[in-house]
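User: I'd like to learn how to read strands and empty spaces in a protein model. Could you walk me through it?

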Amino acid sequence: MPAAPVQFAYWVPNVSGGLVTSKIEQRTDWSYDYNRELAVLAENNGFDYALSQVRYMASYGAEYQHESTSFSLALLLATQRLKVIAAVHPGLWHPGVLAKLGATADHLSEGRFAVNVVSGWFKGEFTALGEPWLEHDERYRRSEEFITALRKIWTEDHAELAGDFYRLRDFSLKPKPLNTAERPHPEIFQGGNSTAARAMAGRVSDWYFSNGKDFDGVVEQLTDVRKSAAEVGRTPPKFGLNGFLIARDTEAEARDTLREIVAKADSEAVEGFGAAVKQAGQSTSDKKGMWQDSSFEDLVQYNDGFRTGLIGTPEQVAERIVAYKKLGVDLLLLGFLHYHEEVEYFGKRVLPLVRELEAQLPGNESVPAHA
């Protein structure tokens, strides 16, 4: 049976500042009008998913933000095929309240709503709201319980849970979200690079999102997540990889764009962000977590997107995408400098090459390149 084609998601620019913390010109806007047009453009240029990011207060180059769940619903209603993933924080949401919102959004969008459970890196948001800030591994324990509760509510009547963070007592949600051929409930994504994050993904998540990584980094994480899933007898979650894509007609143009982004970095914002996020991994027992080995350049794209190496000509970028697919990456979560122009360029120049290369993979030779 032919392998499923690699899928593509994009970071929704629903916060100001674009996807790089740089003073370079970015023809990207955080407004709804811009994003509505972008969502339609994306679904017509090969994108399967969009991820609405979440920040609750001004920080590190993101002065303004639209809330993720409401923004996701607006994008769902503006599109026909695109699945939209809303990022949410346990500790600021109760799983029962999110389950209700998600069920409604799923019905309104005919089964295209999804959620990304974010354990949290920004202590200042929690303390500013008067909420407790848990230690690193406790945040992941809470997220695991959150996902367990969410899935119970979406799939069971009279849901019961006696957890350390959440309790359900004979709770029944009606209507449930849609149960489709593709999925029994809205897909549950989860981020994180730490040992705790990988173990949790194997146990409870449908998808695991990784920060930007090279080939060795992807193999290491895939191995850990699959091992965790095997230990509890689960099918491993699908694997999504973050990447900042700079495709240009020549490699020199692409490299020059990267150099300009880094040269014009907002140093104060990058360093502030770096100080805030690195404490997350430093608080783990094995010092293995998101952003632990990130350089200044890596942090200019705040999810290490440059590390994935999707920089060059359409041919070079397509070859690298397919190399990641061969390792086990199911989805690329992409950011761009100038979204409208570059999403269209991706659909016209890069994606056809990806599909041609996929068609040449073992077992796929008989599949048309455009399938």
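User: Let's start with strand pairing. Which residue is the bridge partner of Val12 in β2?

Analyst: Happy to help, and please keep in mind that this is a predicted model. The general idea is that strands of a sheet pair through backbone hydrogen bonds, either parallel or antiparallel. Here, Val12 has Ser52 of β2 as its bridge partner. The two strands involved, β1 and β2 (residues 49-52), run parallel and are joined by 4 bridges. To get from β1 to β2 the chain passes through helix α1 (residues 32-43), and this β-α-β crossover is right-handed.

User: Which strand pairs with β1 over 4 bridges in the parallel sense, besides the one you just described?

Analyst: That is strand β12 (residues 331-335), which pairs with β1 in the parallel sense over 4 bridges. To find this pairing on the model, look at Ala9, whose bridge partner in β12 is Leu333. Strand β9 (residues 238-244) also pairs with β12 in the parallel sense, over 5 bridges. There, Phe244 has Gly335 of β12 as its bridge partner.

User: What do the strands close into, and in what order?

Analyst: They close into a barrel of 8 strands, and the pairing is parallel. Follow the order β1-β2-β3-β4-β7-β8-β9-β12 to go around it. From one strand to the next, the twist averages 25°.

User: Is β1 buried or exposed?

Analyst: For this we count residues with under 20% relative accessible area as buried. In strand β1 (residues 7-12), 6 of the 6 residues are buried, so the strand is largely enclosed by the rest of the structure.

User: Now the empty spaces. How much space lies in the largest pocket, and which residues lie nearest its centre?

Analyst: Rolling a probe the size of a water molecule over the atoms shows where empty space is left. In this model, the largest pocket holds about 490 Å³ of space. Its lining has 19 residues, with Gln7, Tyr49, Glu187, Trp207 and Lys238 nearest the centre. By class, that lining divides into 7 nonpolar, 3 polar and 9 charged residues.

User: How many cavities of 30 Å³ or more does a search of the whole structure find?

Analyst: The search finds 3 of them. The second largest cavity holds about 40 Å³ of space. Ser16, Gly18, Gly61, Ala62 and Tyr302 lie nearest the centre of this cavity, among 11 lining residues. Its lining has 5 nonpolar, 5 polar and 1 charged residues.

Notes:
Residues are numbered from 1 along each chain as its sequence is written. This is a predicted model: local features need pLDDT of at least 70, side-chain atom pairs count only at pLDDT 80 or more; totals for chains, interfaces and linings use all residues. Side-chain values use heavy atoms; hydrogens and water are left out. On a 1 Å grid over the protein atoms alone, a cavity is a set of points where a 1.4 Å probe fits but cannot get out, and a pocket is an open set with protein on both sides within 12 Å along at least five of seven lines; lining residues have an atom within 4 Å of a point. Grid points are joined across faces, edges and corners, and a volume is the space filled by probe spheres set on the points. Ala, Val, Leu, Ile, Met, Phe, Trp, Tyr, Cys and Pro count as nonpolar, Asp, Glu, Lys and Arg as charged, and the others, Gly among them, as polar. Buried means under 20% relative accessible area, exposed over 50%, partly exposed in between (1.4 Å probe, protein chains only). Two strands pair if DSSP finds at least two bridges between them. A crossover is right-handed if, with the strands pointing away from the viewer, the path from the first strand over the helix to the second runs clockwise. Axes are lines fitted to C-alpha atoms, for helices over the stretch in contact, and angles run from 0 to 180 degrees between N-to-C directions.
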